[in-house]
Amino acid sequence: MYIDQVGGRTLADCNVLIVDDQASSRLVLETLLEETVNCFSVDSGKQAIEYCKHNTPDLILMDVSMPEMDGHHTTAQLRATPSCEHIPVIFVTSSSTEEEESRCWASGCVDFVVKPVNACTLRNRVKSHIHHKLRSDFLETLIYLDKLTGAYNRHYLDDFLPRLVRDSERNASPLSLVIFDVDHFKLFNDMYGHLDGDSCLWKVSKTISDELLRPMDKLVRIGGEEFLVILPGTDGEGAVAVAERLLQTVYDLNIIHSSSEYGRVTLSAGLAIKNANDDKTIDFVMLEADKNLYSAKTSGRNRLVSPSLSSAKKEKTIGSSQPQKTV
Ligand SMILES: Nc1nc2c(ncn2[C@@H]2O[C@H](COP(=O)(O)OP(=O)(O)OP(=O)(O)O)[C@@H](O)[C@H]2O)c(=O)[nH]1
């Protein structure tokens with residue numbers, strides 16, 4: 001017995017990715033599930049990994065035996081990717097030997113169905129695992145999301161940052177951190193009141209979240225009006241481009257702030273990067289970002305300070321000439 005809705009989502013909202021090299025098998029699974037969930041199909045392990053870079057399905061139905069990259073390898077690769085590690089995988093296998101079943105569990109699946117697929121078993125397994133996933137996603141939002149802004153909170157940072165660091169070290173890829181702070185926010189509260197202050201924080205947070213395009217990029221509220229953007233796999237140049245875009249987008253919101261020298265709500269930001277060959281700790285990188293933020297504040301606000309820009313361009317002030325409007 002399942003409840004219809006968990007955390008505002010129903011089964012009909014959920015997406016299932018079908019991975020199978022045989023068009024006929026994909027069609028069978030799609031047809032059996034079409035009235036239960038939304039199905040998307042790809043025909044190889046590589047395509048499944050590519051798909052999951054840009055989308056987060058609620059469940060994957062994975063054929064075990066595929067050329068090039070079989071279901072076991074594909075699942076192992078997904079498990080090693082932080083943005084994909086929680087996607088439940090059900091194997092669809094033609095072999096039900098004890099050895100094959102053990103291999104499926106060892107690869108990190110949550111369940112398996114045997115071909116030829118029993119329609120009733122398939123639907124019920126899919127429903128059961130999706131319900132479980134919806135519940136755990138909902139609990140995660142309660143634990144890890146900041147209620148006011150919808151950004152991640154400090155619990156999330158404490159639990160996930162060390163894992164993101166380990167992953168970037170393992171993949172020899174850079175990890176960029178940008179700390180943002182709303183300028184003169186005390187004056188904003190004093191002038192417009194705390195309710196408008198809350199609404200401003202929500203709007204800034206939502207705007208930043210919407211501008212982060214990669215699933216691995218994360219926004220964390222680390223203090224009252226202070227946010228951290230984590231950009232895994234992003235080098236200095238890329239991080240500068242993202243941070244400048246975020247500052248500009250918030251500037252262009254034109255949230256009126258008459259006590260600010262810019263007449264509107266602006267952000268200051270400090271950037272720091274942990275490159276693949278750095279032996280800096282992540283705490284040290286956070287401290288660097290914080291120092292750069294301080295430097296952005298003391299040199300006029302509404303700007304990014306970054307170590308990766310040439311010294312002539314180290315600070316970039318944001319601006320445009322659009323008219324202002326209120327929150
Ligand atoms: N409305 C509202 N205000 C908050 C919240 N959290 C923190 N603040 C306020 O944010 C203000 C931060 O003030 P300061 O640390 O002095 O910084 P600032 O006024 O932004 O000045 P600069 O950072 O130097 O530009 C304080 O007045 C806090 O009360 C919140 O959730 N809602």
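**Figure 1. Helix 10 of the predicted model, residues 282-298**. The 17 residues of helix 10 should span 24 Å at 1.5 Å a residue, and this agrees with the model, in which the C-alpha atoms at the two ends are 24 Å apart. The buried residues of helix 10 are Val285, Ala289, Asn292, Leu293 and Ala296. Because these residues cover an arc of only 105 degrees around the axis, they lie on the same side of helix 10. An α-helix has 3.6 residues a turn, so residues three or four places apart point the same way. Asp283 and Thr298 are found on the other side of helix 10, where they are exposed. After helix 10 comes Gly300, with a positive phi near 125 degrees.

**Figure 2. The shell of residues around the ligand**. There are 17 residues around the ligand, and those that come nearest are Asp183, Phe185, Lys186, Gly197 and Gly224. Three elements each give two or more residues to this shell: strand 8 (175-182), helix 7 (185-192) and helix 8 (194-211). By residue type, the shell contains 7 charged, 5 polar and 5 nonpolar residues.

**Figure 3. Tyr251 in helix 9**. Tyr251 belongs to helix 9, which comprises residues 236-252. A residue is counted as buried if 20 or more other C-beta atoms lie within 10 Å of its own. Tyr251 has 20 such atoms within 10 Å and is therefore buried. Thr56 may be located in the same view: between Tyr251 and Thr56 the separation is 195 residues in sequence and 31 Å in space, taken from C-alpha to C-alpha.

**Figure 4. The cis peptide bond between Lys115 and Pro116**. The bond that joins Lys115 and Pro116 is cis, with omega at about -5 degrees. Pro116 is part of the loop that runs between strand 7 (111-114) and helix 5 (119-144).

**Figure 5. Glu68, a residue with positive phi**. Glu68 is not a glycine, yet its phi is positive, near 70 degrees. This residue is placed in the loop between strand 5 (59-63) and helix 3 (71-79). A residue counts as exposed if 12 or fewer other C-beta atoms lie within 10 Å of its own. Glu68 has 10 within that distance and is therefore exposed.

**Figure 6. Ala172, in the loop between helix 6 and strand 8**. Although Ala172 is not a glycine, its phi is positive, at about 50 degrees. The loop that holds Ala172 follows helix 6 (154-170) and leads to strand 8. Ala172 counts as exposed because it has 9 C-beta neighbours inside 10 Å.

**Figure 7. The two assigned domains and the protein as a whole**. The domain assignment gives domain 1 as residues 5-142 and domain 2 as residues 154-317. The C-alpha centres of domain 1 and domain 2 are 36 Å apart. The protein contains 10 helices and 13 strands. Its C-alpha trace spans about 70 × 45 × 30 Å along the principal axes. Of the 327 residues of the protein, 33% count as buried. Among contacts between residues at least 6 apart in sequence, 63% join residues at least 24 apart.

Technical notes: Residues numbered from 1 in each chain as written. Predicted model: local features only at pLDDT ≥ 70, side-chain atom pairs only at ≥ 80, totals over all residues. Near = placed C-beta within 6 Å. Helix = DSSP H or I, 4+ residues; strand = E, 2+ residues; numbered from the N terminus. Nonpolar A, V, L, I, M, F, W, Y, C, P; charged D, E, K, R; others polar. Expected span 1.5 Å × (residues − 1). Arc of directions from axis to C-beta. Domains from an automatic or database assignment. Contact = placed C-beta atoms within 7 Å.
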